[in-house]
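Me: Please take a close look at a single strand of the structure shown below. I should like it set against the chain as a whole first, with each term defined where it is used.

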Amino acid sequence: YGGFYISRYNISKSSEGKPQSVKGVMPWVDINFDDAKKVASTIEDNEAVKSHLTFGAEYDSVLEWFIKTEVKTLAEIAEDSTEWGNHWNTENSPKKVVETGSRKEWCANNIYDFAGNVDEWTQEQNESSYRVIRGGFCYSDGCNFPVAYRFCISPCYYCNDTGFRATLYIK
């Protein structure tokens, strides 16, 4: 096992309807957990690399990496992500979902929109089998819903502000 990479941008749809992680397009939202999981698994599948919907432990590893590399502090992750995400209480926030990678200040270690813009499905679940979404979104604030916050929700839920990322693991 050679490690994992998380998509730089939220997953979006190409003009042909295929999943992609690219800058400057609207994130793929209004998708339930099962569909997000299925789509994420189709992005890459060969002898060297496999894709999947991000696990909660992988999400946490990325947050720990931000702290270890000193691009973000524990407080910016666990207490208030307002300054590095598209949150409604940010002074210059557009107060709506925006294109992926639209602002440099919403980037950490070359990963865009990890805090804010859209909630992100993960494969994590609570004891009631509810799925966990992470990251916060543009209609929440970064102090009550920082990037480390876990929001539990029914896996069949559709919401126009919930998207996802893919993780690639090296076989």
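Reply: The radius of gyration is taken here over C-alpha atoms, and the globule rule is 2.2 Å times the number of residues to the power 0.38. For 171 residues a compact globule would have a radius near 16 Å, and the chain, with 15 Å, agrees with this. The model is predicted, so that local features need pLDDT of at least 70 and side-chain atom pairs count only at pLDDT 80 or more, whereas totals for chains, interfaces and linings use all residues. Residues are numbered from 1 along each chain as its sequence is written, and side-chain values use heavy atoms, with hydrogens and water left out.

The C-alpha trace spans about 45 × 35 × 35 Å along its principal axes. The chain has three helices and 13 strands; these are DSSP runs numbered from the N terminus, helices being H or I of at least four residues and strands E of at least two. Of the contacts (heavy atoms within 4.5 Å) between residues at least 6 apart in sequence, 63% join residues at least 24 apart. Buried residues account for 47% of the 171, where buried means under 20% relative accessible area, with a 1.4 Å probe and protein chains only.

The part chosen is strand S10, residues 131–134. Arg131 and Ile133 point one way from S10, Val132 and Arg134 point the other way, and all are buried.

Which strands does S10 pair with, on the criterion that DSSP finds at least two bridges between two strands? One partner is S9 (residues 119–125), which pairs with S10 in the antiparallel sense over three bridges. Within this pair, arginine 131 of S10 is the bridge partner of glutamine 125, while isoleucine 133 of S10 stands opposite tryptophan 121. The hairpin of S9 and S10 has five residues between the strands, and there serine 129 takes a positive phi near 65 degrees.

The other partner is S11 (residues 151–153), which runs antiparallel to S10 and is joined to S10 by three bridges. Here valine 132 has cysteine 152 of S11 as its bridge partner.

These pairings belong to an open sheet of four strands in the order S11-S10-S9-S12, with mixed pairing. S11 and S12 (162–163) are the edge strands, each pairing on one side only. In that order S10 thus lies between S11 and S9.

Note on methods. Buried < 20%, exposed > 50% of the residue type's maximum accessible area, 1.4 Å probe, protein only. Pairing = 2+ DSSP bridges.
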